[in-house]
Amino acid sequence: MSSSNSRFLYGIFPEVNMKRCHGDFLINQILTTHGCYPVHPHRIFGKSADCEYGRDQGTVSHYVYECQIYREVRQKYFPKNLFQLGILELILNTRAKIGLKIIIQDILTKSLAGVESSS
């Protein structure tokens, strides 16, 4: 069985290796593409898959590389050659990992706030 999620994760980790397990909830949100990104609840519940900025789908790649909401985070935490780096390289970069966590935490917080307001 193959899915876009498994292909995304395979692109980062083409071989199973327990030595590189990441026990970090926010980083696992990036690696699995599950959870707080709009495209995930869209697949399950039919909610909008769009980023809140409304210019693209709310995917991991969109938020990390493109979303205007996180432009300042990218400028502050990510290396200048960001667009030449893959997700795993960003995760392994200590400063970029902080930026990734800031982005994911913000998306998660907004996602949970949306759930509370719609209840």
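**Exercise 1. State how much surface the chain exposes and what share of it carbon and sulfur atoms supply.**

Solution. In this predicted model, the chain exposes about 7,600 Å². Carbon and sulfur atoms supply 55% of that area. As for the interior, 35% of the 119 residues count as buried.

**Exercise 2. Describe the secondary structure of the chain and where confidence is lowest and highest.**

Solution. Start with the elements: the chain has seven helices and zero strands. Along the sequence this reads α-α-α-α-α-α-α. Next, take the confidence. The mean pLDDT of the chain is 77, and 62% of its residues reach 70 or more. Confidence is lowest in helix H1 (residues 4–12), with a mean of 60, and highest in H5, at 97. Finally, consider the contacts between residues at least 6 apart in sequence: 40% of them join residues at least 24 apart.

**Exercise 3. Characterise helix H2 by its buried residues, its N-terminal cap and the residue that follows it.**

Solution. Helix H2 covers residues 25–32, and its buried residues are Leu26, Ile27, Gln29, Ile30 and Leu31. To read such a list, recall that an α-helix has 3.6 residues a turn, so residues three or four places apart point the same way. At the N-terminal end, Asp24 acts as the cap, with a side-chain oxygen 3.0 Å from the backbone nitrogen of Leu26. After H2 comes Thr33, which has a positive phi, near 60 degrees.

**Exercise 4. Identify the residues with the most contacts inside the largest nonpolar core, and the elements that give two or more residues to it.**

Solution. The largest nonpolar core has 26 residues, and Ile30, Val64, Phe78, Leu90 and Ile103 have the most contacts inside it. Two or more residues come from each of H2, helix H4 (60–66), helix H5 (71–77), helix H6 (87–92) and helix H7 (94–118). H7 gives the most, with six residues. Now take Leu90 as an example. Leaving out residues up to four places away in sequence, Leu90 touches Val64, Tyr65, Pro79, Leu82, Leu85, Ala96, Lys97 and Leu100.

**Exercise 5. Find the aromatic pairs in the whole structure and classify each one.**

Solution. A search of the whole structure gives two aromatic pairs. In one, the ring centres of Tyr63 and Tyr70 are 6.0 Å apart and the planes stand at 70 degrees, so this pair is edge-to-face. Both Tyr63 and Tyr70 are buried. In the other, the rings of Tyr65 and Phe83 have centres 6.4 Å apart and planes at 40 degrees, so this pair is tilted. Then locate the partners: Tyr65 is in helix H4 and Phe83 in the loop between H5 and H6, so the pair ties together parts 18 residues apart in sequence. For burial, the cut-offs are under 20% for buried and over 50% for exposed. Tyr65 is therefore buried, with a relative accessible area of 15%. Phe83, at 62% relative accessibility, counts as exposed.

**Exercise 6. Place Asp56 in the chain, give its exposure and list what it touches.**

Solution. Asp56 lies in the loop between helix H3 (39–45) and H4. Its relative accessibility is 33%, so Asp56 counts as partly exposed. Apart from residues up to four places away in sequence, Asp56 touches Asp50, Cys51, His62 and Glu66. For Asp56 and Glu66, the separation is 10 residues in sequence and 9.1 Å in space, C-alpha to C-alpha.

Technical notes:
Residues are numbered from 1 along each chain as its sequence is written. This is a predicted model: local features need pLDDT of at least 70, side-chain atom pairs count only at pLDDT 80 or more; totals for chains, interfaces and linings use all residues. Side-chain values use heavy atoms; hydrogens and water are left out. Buried means under 20% relative accessible area, exposed over 50%, partly exposed in between (1.4 Å probe, protein chains only). Helices (H or I, at least four residues) and strands (E, at least two) are DSSP runs, numbered from the N terminus. A polar contact is a pair of N or O atoms within 3.5 Å; within protein, one must be able to donate a hydrogen and the other to accept it, and residues adjacent in sequence count only if both atoms are side-chain atoms. A nonpolar core is a set of buried Ala, Val, Leu, Ile, Met, Phe, Trp, Tyr and Cys residues joined through side-chain atoms within 4.5 Å. Contact means heavy atoms within 4.5 Å. pLDDT is the predictor's confidence in each residue, from 0 to 100. Rings of Phe, Tyr and Trp (its six-membered ring) pair if their centres lie within 6.5 Å; planes under 30 degrees apart count as stacked, over 60 as edge-to-face and the rest as tilted. Accessible areas come from the Shrake-Rupley method with a 1.4 Å probe; for residues, only the protein chains shown count as cover.
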